[in-house]
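Please walk through this structure with attention to helix packing, aromatic pairs and cysteines.

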Amino acid sequence: ALGTSGFLGLMIGPLISDWLGSGDLTQEQMVQRMFWTAAALALASAIATWFAVQGAVLPVRHARPPLLSVIRQYHPLMISMTAAVMGAGFAIPATFLRPFAIEAHLSHVGVFFVIYAMTGFCARLASRSLFERYGNRPWIVVGLTLLSISYLCYVPVTNTWHLIAPAALAGMAHALLFPSIMSAGTAVFPRRYLGVATSLILAM
C-alpha cells in the first residue's frame, strides 16, 4: 500500500513543481513559494499522521541485540547489491532527466513522471499475485531488464511525447523491482528484525 501511494506522490510532485516554476516570478519569489508549499504539505502530512496513530497499540518491548551482529548474521549480500543497482537505476531519471531535457530542447518533463507513476501504479496492482505464484527472483530479472531497456529508449528522444516509452518501461520496472527486492531482502531476517531488514534494503 505504501509503495502504491508513493506512485501517486511521484505523479503529483512534478505537477506541483511545474506550477512552482510557472508565472512571472523572480527566482527569490519562486524559492519562497517552494518553501511555503513544502511547509504546507509537511503540516498536512503531520496532521494526517496524528489522526492515523490514534488508538494504535504500542508494541511490546524486547531485548535488542547489537545492530551490527544482527546485520552480520542475516545480511543478504547479493540482494543488497541488487538493491543498490535498483536505487541507482531509479535515481537516474530524477537526477539527469531535467538536464537531458534542456539539452534536447524539451519544453517540460512532467509528462514523464505522470506516465511513470500511472504505469507503475497499474503494474503494481496487476502484479500483486505474481510474486506469491512465481517467487521474487523472476521479477527481479524482468524488472532489471525493463529498466535497462528504458535507458536505451532515451536515445531517439527529440520531442516531449517521446518520453512516454522510457517512462512506461521504467514505471513497470519500478513496480516489479521494488516489492520483489524488498521481499527477498527482508525474508531472510527473523520477523522480529523486520524493521532492521527494511531499513537496510532501503538504505542500499
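**Helix packing, rings and sulfurs**

In this predicted model, helices H8 and H9 cross in a right-handed sense. H8 spans residues 164-187 and H9 spans residues 194-203; their axes lie 9 Å apart and form an angle of about 130°. H8 is therefore oblique to H9, since an angle counts as oblique when it falls outside the ranges under 35, 65 to 115 and over 145 degrees.

On the H8 side, the contact is made by Phe-178, Ile-181, Met-182, Gly-185 and Thr-186. H9 contributes Leu-194, Ala-197, Thr-198, Ile-201 and Leu-202. Sorted by class, the contact of H8 with H9 contains seven nonpolar and three polar residues, and no charged ones.

The loop between H8 and H9 also takes part in an aromatic pair, through Phe-189. A search of the whole structure finds eight aromatic pairs. In the one formed by Tyr-74 and Phe-189, the ring centres are 5.7 Å apart and the planes meet at 45°, so the pair is tilted. Tyr-74 belongs to helix H3 (residues 67-74), and the pair links distant parts of the chain, with the two positions 115 residues apart.

The cysteines remain. How many disulfides does a search of the whole structure find? The search finds zero. Cys-122 is in no disulfide, and the nearest cysteine sulfur to its own is that of Cys-153. Seen from Cys-153, the closest cysteine sulfur is in Cys-122, and the separation of 19 Å is too far for a bond. For a disulfide, the two sulfur atoms would have to lie within 2.5 Å.

Key:
Residues are numbered from 1 along each chain as its sequence is written. This is a predicted model: local features need pLDDT of at least 70, side-chain atom pairs count only at pLDDT 80 or more; totals for chains, interfaces and linings use all residues. Side-chain values use heavy atoms; hydrogens and water are left out. Axes are lines fitted to C-alpha atoms, for helices over the stretch in contact, and angles run from 0 to 180 degrees between N-to-C directions. Helices (H or I, at least four residues) and strands (E, at least two) are DSSP runs, numbered from the N terminus. A crossing is left-handed if the near helix is turned anticlockwise from the far one by less than a right angle, and right-handed if clockwise. Contact means heavy atoms within 4.5 Å. Ala, Val, Leu, Ile, Met, Phe, Trp, Tyr, Cys and Pro count as nonpolar, Asp, Glu, Lys and Arg as charged, and the others, Gly among them, as polar. Rings of Phe, Tyr and Trp (its six-membered ring) pair if their centres lie within 6.5 Å; planes under 30 degrees apart count as stacked, over 60 as edge-to-face and the rest as tilted.
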